[in-house]
Amino acid sequence: MKAKQPNIKYVEWRSPEELHEISLNWVSELKFVKDEQHFLDELIENHTIQLISKKIFEKSKNILQELSLSRKGLDPLLKKIINHHNELTILLDGVDQPVEEKQYKEDHWELTMAVSKYLNNYKETKRRVFDLIKTIMKEGKQKRLLS
């Protein structure tokens, strides 16, 4: 199930200070996602045998592919945000550059949508990983109880 694309009809323009904070927040969130992905890798590694069992192999394969795509998309997005953040000087230099300022605003809007989409998709994939691991753990407990 894909996350819904937000439908935003009104965009309030923000000050350079607010844009700075937004960019820093994006970087922080994405770095946290990167750490979280390491945790998910370890969790998956601990349950590899169960994940490759015939019963849930296809389901786990699809979920792990989604997680892999998410991991591959993280660094390029993070680099775009850092570059975008570094270009914030266009708004702060005091020089009137309407074309560059307009482009910066358009880039910021596109990044807002890209980050939102990435985080929504990542959260959905993470939920699916946790649901899958939870199912595996429940089955393991049931088998131990029956033994």
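Select helices H1 and H3 to begin, where a helix is a DSSP run of H or I with at least four residues, numbered from the N terminus, and look along their contact: the crossing of H1 and H3 is left-handed, a label used if the near helix is turned anticlockwise from the far one by less than a right angle. By class, this contact of H1 with H3 holds 14 nonpolar, six polar and five charged residues, with Ala, Val, Leu, Ile, Met, Phe, Trp, Tyr, Cys and Pro counted as nonpolar, Asp, Glu, Lys and Arg as charged, and the others, Gly among them, as polar.

The model is a predicted one, in which local features need pLDDT of at least 70 and side-chain atom pairs count only at pLDDT 80 or more, while totals for chains, interfaces and linings use all residues. Residues are numbered from 1 along each chain as its sequence is written, and side-chain values use heavy atoms, with hydrogens and water left out.

Keep residues 16-46 (H1) and 57-86 (H3) selected: these helices pack at an angle of about 155 degrees, with their axes 10 Å apart, the axes being lines fitted to C-alpha atoms over the stretch in contact and the angles running from 0 to 180 degrees between N-to-C directions. H1 and H3 are therefore roughly antiparallel to each other, a term for angles over 145 degrees.

Next, add H5, residues 98-146, to H3. H3 and H5 pack at an angle of about 155 degrees, with their axes 9 Å apart, and are therefore roughly antiparallel to each other. H3 passes H5 in a left-handed crossing, and the residues of this contact divide into 13 nonpolar, six polar and six charged.

Within H5, pick Tyr118 and Tyr122, which lie four residues apart, about one turn of the helix. A search of the whole structure finds one aromatic pair: the ring centres of Tyr118 and Tyr122 are 6.4 Å apart and their planes stand at 0 degrees, so the pair is stacked (rings of Phe, Tyr and Trp pair if their centres lie within 6.5 Å, and planes under 30 degrees apart count as stacked). Tyr118 is buried at a relative accessible area of 12%, where buried means under 20% with a 1.4 Å probe and protein chains only, and Tyr122 is likewise buried, at 2%.

Finally, select Gln37, which sits in helix H1 and is buried, with a relative accessible area of 3%. Not counting residues up to four places away in sequence, Gln37 touches Ser70, Arg71, Leu74, Tyr118 and Tyr122, contact here meaning heavy atoms within 4.5 Å.

Note on methods: Helices (H or I, at least four residues) and strands (E, at least two) are DSSP runs, numbered from the N terminus. Angles under 35 degrees count as roughly parallel, over 145 as roughly antiparallel, 65 to 115 as roughly perpendicular and the rest as oblique. Rings of Phe, Tyr and Trp (its six-membered ring) pair if their centres lie within 6.5 Å; planes under 30 degrees apart count as stacked, over 60 as edge-to-face and the rest as tilted. Buried means under 20% relative accessible area, exposed over 50%, partly exposed in between (1.4 Å probe, protein chains only).
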